[in-house]
Amino acid sequence: MNSSSTGFTRRTFGRMGLGLLAATSTARYATAAPSGEPIRIGILHSLSGTMAISETTLKDVMLMLIAQQNAKGGVLGRPLEAVVVDPASNWPLFAEKARQLLSVDKAAAVFGCWTSVSRKSVLPVFEELNGILYYPVQYEGQECSRNVFYTGAAPNQQAIPAVDYLASEEKVERWVLAGTDYVYPRTTNQILQSYLKGKGVADADIMINYTPFGQSDWQNIVAQIKAFGSTGKKTAVVSTINGDANVPFYKELGNQGIHATDIPVMAFSVGEEELAGMDTKPLAGQLAAWNYFESIDTPANKTFIAEWHTFTKNPKRTTNDPMEAHYIGFNMWVQAVEAAKTTDHDAVIEAMIGIRQPNLTGGVATMLPNHHLTKPVFIGEIQDDGQFNVVWQSPDLIPGKAWSPYIASTRDLIGDWRKPVSCGNYNVVTKACVGTKHA
């Protein structure tokens, strides 16, 4: 993708204003109360530990969506009942809690996980028990399970457009790929490294650094980044740092006098929720790539924000990209159940493909045969109030690719869960399904 193809630039796009509606929508959902046996919805997000900073909000938005759906009459005339569990940022515990939700609570669908290591932990459970997981966060791709609907971005819907933007608009020539030490950053950086080298970037102009979850001491690493960027070539950090480690990372950038005009940071896991816990003034001008920003001014987004503030009774609670992904995924699940006239997992999985749901930012998301969505891509610039000013957006919706064309072993793979292919890793050259494992 040519990131300058829209004609908008970082400095000229202009702020897409915030807007809050005073009216709430609770009254317009009033209808006949649902009755009968509740349909249970599993909510599998960390409410404690290092990922609570990001995942607690996703639990809250699911509770809001379920309450709204019940106010509209439930699903198939039955009420929805949220079953909330706390895997506590403990990856093996994710699998245990997933098994509980599917085997004991009989969840019709589960909305959960943030880190890829948590998703990898629960994947065998969902495939063994034929459950349905809606995964709302950007991820590294290289996976296509029949039992998972990936409502966050694949690398071609976030990482690749972000790098293209940095190269074309910021004229970046040296690259720091900084991430938390687990599967998402490592695989994403493998894709980015291959992509950059394909564009002619030398190995010496790529620095890769990994740190543990919860990393707090960034002094030496930031000093290394500063030294790497001091050669005269424009340098940027592409950050796949996750969770609360972002707070001291950005703080140390400020401590060492690194501003966005010196070495811009393009983050893939820092959104409005994470910025709400930081002093954002030193971060002004730093960048993030997402498929949604709270500041995008559409009627649907204004309504969503107003409903969120009313539900939380807090006009300062922010919204963010994974919240929109849950909004899209949940409404698609409702449509699929109503189309199938049952919550039976096999029937709902089949009904999901092709379902369309308006995005909060304009356009319509479509669930593809590989269980990924079509999405717009936005580049946002951090403002001193903790919001993002959109400086670039993709001219079209981008279909999510499960498998990267920049990794040799997956170049010829696609996922297609429609008959007769019904395979998550179908080789388009050999015309054969690689196997039953799709991760």
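**Reading a predicted model: a dialogue**

Modeller: Let us begin with one residue: the side chain of His345 reaches the backbone oxygen of Ala108 at 3.1 Å. A polar contact is a pair of N or O atoms within 3.5 Å; within protein, one must be able to donate a hydrogen and the other to accept it, and residues adjacent in sequence count only if both atoms are side-chain atoms. This is a predicted model, in which local features need pLDDT of at least 70 and side-chain atom pairs count only at pLDDT 80 or more, while totals for chains, interfaces and linings use all residues. Residues are numbered from 1 along each chain as its sequence is written, and side-chain values use heavy atoms, with hydrogens and water left out.

Biologist: Is His345 buried or exposed?

Modeller: Buried means under 20% relative accessible area, exposed over 50%, and partly exposed in between (1.4 Å probe, protein chains only). His345 has 16% relative accessibility and therefore counts as buried.

Biologist: Which residues does His345 touch, not counting residues up to four places away in sequence?

Modeller: Contact means heavy atoms within 4.5 Å. On that basis, His345 touches Ala107, Ala108, Asn130, Gly131 and Ile132.

Biologist: How should I read a sheet?

Modeller: Strands of a sheet pair through backbone hydrogen bonds, either parallel or antiparallel. Strands (E, at least two residues) and helices (H or I, at least four) are DSSP runs, numbered from the N terminus; two strands pair if DSSP finds at least two bridges between them. Here three strands form an open sheet in the order S17-S18-S19, with antiparallel pairing. Strands S17 (413-416) and S19 (432-433) stand at the edges, each with a single partner strand, so one side of each is left without a neighbour in the sheet. Three bridges join S17 to S18 (residues 423-427).

Biologist: Which residue in S18 is the bridge partner of Leu413?

Modeller: The partner of Leu413 is Asn427.

Biologist: Where is Gly400 found?

Modeller: Gly400 lies in the loop between strand S16 (398-399) and S17. At 4% relative accessibility, Gly400 counts as buried. Leaving aside neighbours within four places in sequence, its contacts include Ala154, Asn156 and Leu368. The C-alpha atoms of Gly400 and Met367 are separated by 9.5 Å, although these residues are 33 residues apart along the chain.
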